[in-house]
Amino acid sequence: MQKVLTVAGSDSGGGAGIQADLKTMTVHNVYGASVITALTAQNTLGVQDVSPVDLDFIASQFDSVFQDINFDAAKTGMLATKEIVILTSEKFKEYNQANLVVDPVMVATSGDLLLESTAVDAYREKLLPLAKVVTPNLNEARVLAGYEPNAEVDPEELARKIYDFGSEYVLVKGGHSNIEATVSGRPPQVTDILYDGKNFTELSGQYIKTNNTHGTGCTLSASIASNLALGLEVGKALEASKQYITRAIKDEIEIGSGNNPVNHLVKCIERGEAT
Ligand SMILES: Nc1ncnc2c1ncn2[C@@H]1O[C@H](COP(=O)(O)OP(=O)(O)OP(=O)(O)O)[C@@H](O)[C@H]1O
Ligand SMILES: Cc1ncc(COP(=O)(O)O)c(N)n1
């Protein structure tokens, strides 16, 4: 059984964070374990409260899992503070973790802040150099690349700047681009761009007009980590994960009265293992 570690925050509402990651790993047929960095009191309407976990206790979780389990891949999600970003980087370095996917979570779909702004330099200097793939959305990419969150910058330029911090690949996600305005006459597409330091590859999928995208970033990065653990090379892992997230968004589920989560279980349903 391939094993994957998520280092992320808990979403009490079950749509994002640790809960999304473990569900996603399970439907990819890999074993998921977790290091919890922060607790959030959260639902589909937003984040009502955040409590970062004590640093020593995060370190204990890392030591417990790493001293017993060899992970084929790992991912990071909400890291909340600069100190947690630094500790996470140190632990991945100490235990020599391969196949690390970094989802630099900064702001929730609801607009609530999930990372203190002073943590951005720690991402650039400590965590990105250890990453196989970093998966910022457009706003996160602008911040990491040193622009204002709303600046108009070519995504390829953002990918180049972020690549210079040392990850092997950069995936700039297009979920926050102005999709309604794309070429008329053709079904609208959402395009993520992958940069390997030399070439750009476009990953496109059907655009689904919905506000129910809570947890898309978490789910995509957990899927990428699972596919890397299963032995897929980066390009193939990303293609498969992009198809999975499109289907999970399309298969809408009604959970709460706000921005509903994607259906992580869509893979099981398609395999006939659930209804
Ligand atoms: N409405 C949509 N229809 C189809 N695909 C989408 C849609 N919104 C996002 N995606 C896809 O979902 C994945 C996550 O992209 P997004 O840009 O939303 O990341 P994110 O902002 O980090 O996610 P989150 O909402 O969890 O913070 C990408 O592959 C993106 O192309
Ligand atoms: C614990 C946690 N981690 C990550 C997200 C981002 O997900 P989204 O942007 O879809 O709300 C979140 N809301 N909560």
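Which residue in β4 does threonine 6 stand opposite? Threonine 6 faces lysine 75, and that pairing is a good place to start. Before going on, please note that this is a predicted model, where local features need pLDDT of at least 70, side-chain atom pairs count only at pLDDT 80 or more, and totals for chains, interfaces and linings use all residues. Residues are numbered from 1 along each chain as its sequence is written, while chains are lettered from A and ligands numbered from 1 in the order in which they are written.

Strand β4 covers residues 73-76 and runs parallel to β1, with 4 bridges joining them (strands pair if DSSP finds at least two bridges between them). Strands (E, at least two residues) and helices (H or I, at least four) are DSSP runs, numbered from the N terminus. Strand β1 spans residues 3-11, and 8 of its 9 residues are buried (20 or more other C-beta atoms within 10 Å of a residue's own, with C-beta atoms placed from the backbone).

Now look at β2, residues 31-43, which pairs with β1 in the parallel sense over 9 bridges. One bridge partner there is threonine 40, for aspartate 11. From β1 the chain passes through helix α1 (residues 17-27) to reach β2, a right-handed β-α-β crossover (clockwise from the first strand over the helix to the second, with the strands pointing away from the viewer).

Further along, helices α7 (residues 216-229) and α8 (residues 234-250) pack at about 145°, their axes 9 Å apart. Axes here are lines fitted to C-alpha atoms over the stretch in contact, and angles run from 0 to 180 degrees between N-to-C directions.

Notes:
A residue is buried if 20 or more other C-beta atoms lie within 10 Å of its own, exposed if 12 or fewer, and partly exposed in between; C-beta atoms are placed from the backbone.
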